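Me: Please take a close look at a single part of this model and at what surrounds it. I would like the cut-offs behind each term given as you go.

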Amino acid sequence: MSLRSAVAAPFVGRGEPSLAESEFVVALSLDRNWFSPDQATRLADVAVGEGLLDRTDDGLVPTFDPEAVTIPEEFVPSEELLQQRSTFERVLDAVVAEGIEKREAVAAINRLQGSLGVTVEAAAVLYARRHEVDVSDAAERALDDLDAGQ
């Protein structure tokens, strides 16, 4: 949730539906003093990778409604946000968000991986789908990983 809050802040602060990448960087680094310019650029890359931002001809466009995100006044994002999560981590987070216990999910995913002989990402996507958790974007990444491995 803090990644979503950090990404939403520049759009909420400027009241714009899209921002040039330089405006996004300035909002996070100079206006809010949360990150250095390089870190703010990295945050944009992570947010694109996570599916929270799209890069268009107009600049960066959020894939969610920034106005719907509550940004507490004392909020300061952690530098951990600058790390890209793996496909497995994304799927696991989605499964846990749906109320499935993390240890149970990891154990079941590991069993699937072993019995099917697939990557942990593919097993995680299968597990999520069996539990009716929408992980379409992660499924595409897992499929790309499978294709790249062949």
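Reply: What follows is a close look at helix H2 (21-31), set first within the whole chain and then within its packing.

This is a predicted model, in which local features need pLDDT of at least 70, side-chain atom pairs count only at pLDDT 80 or more, and totals for chains, interfaces and linings use all residues. Residues are numbered from 1 along each chain as its sequence is written, and side-chain values use heavy atoms, with hydrogens and water left out.

The chain holds 7 helices and 2 strands, these elements being DSSP runs numbered from the N terminus (helices H or I, at least four residues; strands E, at least two). Their order along the sequence is α-α-α-β-β-α-α-α-α, and the C-alpha trace spans about 50 × 35 × 25 Å along its principal axes. Of the 150 residues, 39% are buried, where buried means under 20% relative accessible area, exposed over 50%, and partly exposed in between (1.4 Å probe, protein chains only). Among the contacts (heavy atoms within 4.5 Å) with a separation of 6 or more, 55% join residues that are 24 or more positions apart.

In H2, the buried residues are Phe24, Val25, Ala27, Leu28 and Ser29. The buried residues of this helix pack against H1, H3, strand E1 (53-56) and strand E2 (59-62), and the individual contacts of two of them, Phe24 and Ser29, fill in this picture.

Phe24 is one of the residues with the most contacts inside the largest nonpolar core, a group of 25 residues in which Val7 and Leu43 share that distinction; such a core is a set of buried Ala, Val, Leu, Ile, Met, Phe, Trp, Tyr and Cys residues joined through side-chain atoms within 4.5 Å. H2 is one of the elements that give two or more residues to this core, alongside helix H1 (2-14) and helix H3 (37-49), and H1 gives the most, with 6 residues. Leaving out residues up to four places away in sequence, Phe24 touches Val7, Pro10, Phe11, Leu19, Ala40, Leu43, Ala44, Leu53 and Leu60. Apart from this core lies another, of 18 residues, with Phe88, Ile100, Ala124 and Val135 among them. In soluble globular proteins, nonpolar side chains tend to be buried together.

Ser29, which also sits in H2, has a relative accessible area of 6% and is therefore buried. With residues up to four places away in sequence again set aside, Ser29 touches Trp34, Phe35, Ser36 and Pro37. Just after H2, Asn33 takes a positive phi of about 60°.

For a point of comparison outside the helix, consider Val69, which lies in the loop between E2 and H4. This valine has a relative accessible area of 11%, so Val69 counts as buried. Neighbours within four places in sequence aside, Val69 is in contact with Arg4, Ser5, Ala8 and Phe64. Further along the sequence, Gln84 is 15 residues from Val69, and the two are 21 Å apart in space, C-alpha to C-alpha.
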